[in-house]
Amino acid sequence: MKTVGLLGGMSWESTVDYYKLINEGVKARLGGLHSAQCLLYSVEFAEVEACQSSGNWDRAAEILSQAAVRLEGAGADFLLICTNTMHKVADQVAASISIPLIHIAQVTAEALEAQQIQTVGLLGTRYTMEQAFYKEKLEERGIRVLVPEAPGRELVNRVIFQELCLGQIRPESKQAFLREMDALAARGAQGVILGCTEIGMLVAQQDTAIPLFDTTRLHAQRAVELVLAD
């Protein structure tokens, strides 16, 4: 069994889901008392978020790269950054280590292609929705990406940072997210990416007829495949 390195804590609320999903996946494949071999480095999220809000992405890359080096040194065979937003510095982190970094947007793009999705809606932090680093991974594969209008982007970003990252699940926020999904579908989205690892805490596939692509689950599923690969 290979060892997955989890670079988490951004926020720890969703990192818990990564750990749970990966272990559930291994147990489902192997049965019995089997579980995944995991190494977790959980960063101090307040420091990382301060880098995000100030635009100091170089410092953010340094923080994550140092953590990645420690995970590799501890014996990780491959690395997952347990957040969509911080894949903005994925190239810098990947350059700091010799083990593979499994990019969350590439895993998501493969899932979209498998379901022949050509136009998709994207919900996430304002960085993920508004900057190119995430969308370009989809667009270079011919997938058109739609994001909410400006008020919707503000709402989604606020709920992520002021509620979900603090473990707060509010019914009114769930309904607001579902309305944003409906609006994306009305504009032509054939599915919606839950492009922040916390969003799956708020909405799930049973809440809507629109196909959802939960990046936390997709990323964790790929980790299970790699942990058990020959």
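## Strand β4 and T119

T119 is part of strand β4, which covers residues 119-123. This is a predicted model, and T119 makes a handy starting point for a tour. Is T119 buried or exposed? T119 counts as buried because its relative accessible area is 12%, and buried means under 20%.

Which residues does T119 touch, leaving aside those up to four places away in sequence? The contacts are R144, L146, G188, A189, Q190 and G191.

## Helix α3

Next comes helix α3, made of 18 residues, 57-74. At 1.5 Å a residue, the helix should span 26 Å, and its end C-alpha atoms are indeed 26 Å apart, so the two values agree. After α3 comes G75, with a positive phi near 115 degrees.

Several residues of α3 are buried: W57, A60, A61, I63, L64, S65, A67, A68 and L71. What covers them includes the strands β1 (3-8), β2 (37-42) and β3 (78-81), along with the helices α2 (45-54), α4 (90-95) and α6 (126-130).

## The cysteines

How many disulfides does a search of the whole structure find? The count is zero. C38, for instance, is in no disulfide, and the nearest cysteine sulfur, in C82, lies 9.4 Å away. C38 counts as partly exposed because its relative accessibility is 24%.

Now for C165: why does its sulfur form no bond with that of C196? The sulfur of C196 is the closest cysteine sulfur, but at 5.8 Å it is too far for a bond, since a disulfide needs the two sulfur atoms within 2.5 Å. C165 is buried, with a relative accessible area of 11%.

How values were computed: Residues are numbered from 1 along each chain as its sequence is written. This is a predicted model: local features need pLDDT of at least 70, side-chain atom pairs count only at pLDDT 80 or more; totals for chains, interfaces and linings use all residues. Side-chain values use heavy atoms; hydrogens and water are left out. Buried means under 20% relative accessible area, exposed over 50%, partly exposed in between (1.4 Å probe, protein chains only). Helices (H or I, at least four residues) and strands (E, at least two) are DSSP runs, numbered from the N terminus. Contact means heavy atoms within 4.5 Å. The expected span of a helix is 1.5 Å times one less than its number of residues.
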